[in-house]
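Trainee: I've got the sequence and the model open side by side. Could you take me through one part of it closely, the way helices pack on each other, and then tell me how that sits in the whole assembly?

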Number of protein chains: 2
Amino acid sequence: MKKMDSGVTAAIGFQAAGGSVGIKQGNVKDMALLYSIVPCVVAGTFTSNIIKAAPVKWDQHIVYDCEAAQSVVCNSGVANACTGEEGYRCCMETAKIAAEVLKIPEDSVLVASTGVIGQQIPIDKIIEGIRMLAPLLSNSREAGSSAAQAIMTTDTRQKEIAVSVEIGGKIVTIGAMCKGSGMIYPNMCTMLSFLTTDGDISKAMLQEALSEVVKDTYNMVSVDGDTSTNDTVLLLANGLAGNPMITKKDRDYQKFVDALYEVNTILAKKIAGDGEGATTLFEVKIIGAQDREQAVVLAKSVITSNLIKTAIFGHDANWGRILCAMGYSGAKFDPEKVDLYLESSAGRLQIIKNSVAIDYSEEEATAILSEPEVKVLADLKQGKAEATAWGCDLTYDYVKINAAYRS
Amino acid sequence: MKKMDSGVTAAIGFQAAGGSVGIKQGNVKDMALLYSIVPCVVAGTFTSNIIKAAPVKWDQHIVYDCEAAQSVVCNSGVANACTGEEGYRCCMETAKIAAEVLKIPEDSVLVASTGVIGQQIPIDKIIEGIRMLAPLLSNSREAGSSAAQAIMTTDTRQKEIAVSVEIGGKIVTIGAMCKGSGMIYPNMCTMLSFLTTDGDISKAMLQEALSEVVKDTYNMVSVDGDTSTNDTVLLLANGLAGNPMITKKDRDYQKFVDALYEVNTILAKKIAGDGEGATTLFEVKIIGAQDREQAVVLAKSVITSNLIKTAIFGHDANWGRILCAMGYSGAKFDPEKVDLYLESSAGRLQIIKNSVAIDYSEEEATAILSEPEVKVLADLKQGKAEATAWGCDLTYDYVKINAAYRS
């Protein structure tokens, strides 16, 4: 497997463009267009929030009911959520115009939005944007990068990655871009992530692979415990790599899943590390669990605790808060048997054994917690299952950003 | 029912004392002693966290297995949680010394602690404190107040209340003190609350009354979503009011429950309004729900959302976040039918109807949200059940307090 400094245009046949159409203030990029030169099979996972944004409903229709997809139109600034029937009509209109301009069927145009909830989409600007971006579509590195910038909201960094892997004698590439900074506690998937691959794979296997990978990657990320109305992961596969089509769970399928897992793990960590106001990427790994479910519940409980997140911000080894968050998680475990370790590039330190503090150095603990990426490892010593979750610290800037997001 | 500016010494026969024994730095009060001149029946509710502090285990033994209680020893500064067998031995030692000094049985001494998790209790200071405080025990208003101050941690205000009610021709008084500021998301009860009453009531009815009231009061409070290892509510009844003993769910029982409900509602709101760093008491009321359970889940989901809490801090009517938090709560409801209102002493304003924004004034909304107590009312229009939860905003000071709590 080879990692590449690239994004959604890395795979053969995919083009992208990004630009400013005036939805956000200040002439920043706020609209992206993604296009495959041939029709793709598509898989998707969507928010579990019962309040679903209009584009989520539209995309579910395309992914579940339609044969092929060929384009994605995405805007940032306005989420098109809680916008009633008018919001859904905007999605239909967006797809109609994109279909005309790109000369593809309406029901092959996916739509995504991110930003403020409750405002109607400025549909005129979207239409204008489609006409503006279509001639700019390109498979260049820069075009992918431009699209990745255009889908950002409070993100401070664009998030892209691509990997290639050899399948059936051919090089299959998976490229991706995503955004996510606040309202991040995906329960089906993250805010917005778009994956493109030239691998040849059946729709059923594509969905299977995506669903399998999403639950261990995006679904293990939390910035603030809020599951968005817009969470969407879309994976388009156009088959242009020419590998023997993957139609069952064989060795080729596993290779594809491994590559997809790599891409999405990297993106999940990028999202967590770029959480609103974050200074630290915070990883929690539970090992020695009786089963995977128990490990997941515990890892998520620790990663979402405000008290732990603020302690991480303060570089404070306040381990009592970690045990406490494990204790109220709802997962059953032996509360007297937990071992706890802190880890970062500055070292690794055991701080509790059998749920009681050992004589560790606070200075060493603080040094470990002062790195930009820190890890808490809890060993339940009860079995062989494990889970990893990613989050970030809770900072003054998180409060600042969210106390004034709309203005 | 009469509300009084008093606390744990309001009911006949209860005495209190509070003082500084050097557990906390800077000569601030950190230890309280509570005593009834005659043995009491006692009821209690405790944290649902499976990591339970040593005093929680000790008190559960007293409440569940023993006949009577007559005293409570409480310290702040150190929580005596995650302290293993040594921590439990400290509780036993505390009870033993208090029993000697007060000339009561060891198993009638309740123990409570609040503060940093993981440090051992300085047992010598506790013993010294018992000997120092016992001679200061008094039924004065000031003594109650002194005890209420001594149990505070990051609380900015002491929290006391008392009410009296006529039952069977006698005046029955319920007095109370509590503390709670961070790690507040009680699942059985709040951090620490001590209630005293001179009402005559059987142990079974006392526990029934407490359990009934706790679920609608403390259990509906959240400051930060973290359920403490130490949550404890204790209710001592010494019978000195001379009312006919309450032994079944009759009219007298209901009067007692109503008074208990009043006391605990007031305390619950005091805890929420004094949440760490809080500037605003934030109340969420769900009405028109199909059942109580649905209303509770929705109210708690809104009250615990970081994004909503920061919006409240910013006086921003970011209602999309409210609908979003309802949507991911796990409760089923019609996502197209929600009406939403903002309310405070500055007025009442409908902002969404059937889940879509109506043409409201942002200025008016901001004015309403700029008051120290604000309320969100959501009407599901699906039934008659309702629930109310209390919380607070998420501020810079919450981060500041918790990034450096131990130092």
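Mentor: Here is a walk through two helix pairs, followed by the way the chains are arranged.

Keep in mind that this is a predicted model. For chain A the pLDDT averages 92, and 96% of the residues score at least 70. For the complex, the predictor reports an ipTM of 0.80 alongside a pTM of 0.83.

Let's start in chain A, with helix H7, residues 292-304, and helix H9, residues 319-327. Their axes come within 8 Å, and the crossing angle is roughly 130°. With that angle, H7(A) counts as oblique to H9(A), because the oblique class takes in whatever is left once roughly parallel, roughly perpendicular and roughly antiparallel, the last being over 145 degrees, are set aside. As for handedness, H7(A) goes past H9(A) in a right-handed crossing. Now zoom in on the side that H7(A) brings to the contact: look for Leu298(A), Ser301(A) and Val302(A). Facing them from H9(A) you'll find Ile322(A), Ala325(A) and Met326(A). Sorted by class, this contact between H7(A) and H9(A) comes out as 5 nonpolar residues and 1 polar, with no charged ones.

Now hop over to chain B, where helix H1 (residues 54-65) and helix H2 (residues 84-102) also have axes that come within 8 Å. The angle here is roughly 55°, and that makes H1(B) oblique to H2(B). Their crossing is right-handed. From H1(B), the contact draws on Ala54(B), Pro55(B), Lys57(B), Trp58(B) and His61(B). H2(B) answers with Gly87(B), Tyr88(B), Cys91(B), Met92(B) and Ala95(B). Split by class, the contact of H1(B) with H2(B) holds 7 nonpolar residues, 2 polar and 1 charged.

Next, step back to the two chains together. A turn of 180°, with a shift of 0.0 Å along the axis, lays chain B on chain A at an RMSD of 0.0 Å. The two copies are therefore related as by a two-fold rotation axis. If you want a landmark for that axis, go to Tyr396(B): its C-alpha lies 2.6 Å from the axis, the closest approach of any residue in chain B. The interface fits in here too: 100% of the interface residues of chain B are also interface residues in chain A, so the copies meet through the same surface.

Terms used. Residues are numbered from 1 along each chain as its sequence is written. Chains are lettered from A and ligands numbered from 1 in the order in which they are written. This is a predicted model: local features need pLDDT of at least 70, side-chain atom pairs count only at pLDDT 80 or more; totals for chains, interfaces and linings use all residues. Side-chain values use heavy atoms; hydrogens and water are left out. Axes are lines fitted to C-alpha atoms, for helices over the stretch in contact, and angles run from 0 to 180 degrees between N-to-C directions. Helices (H or I, at least four residues) and strands (E, at least two) are DSSP runs, numbered from the N terminus. Angles under 35 degrees count as roughly parallel, over 145 as roughly antiparallel, 65 to 115 as roughly perpendicular and the rest as oblique. A crossing is left-handed if the near helix is turned anticlockwise from the far one by less than a right angle, and right-handed if clockwise. Contact means heavy atoms within 4.5 Å. Ala, Val, Leu, Ile, Met, Phe, Trp, Tyr, Cys and Pro count as nonpolar, Asp, Glu, Lys and Arg as charged, and the others, Gly among them, as polar. pLDDT is the predictor's confidence in each residue, from 0 to 100. Copies are superposed by least squares on the C-alpha atoms of residues with pLDDT of at least 70 in both.
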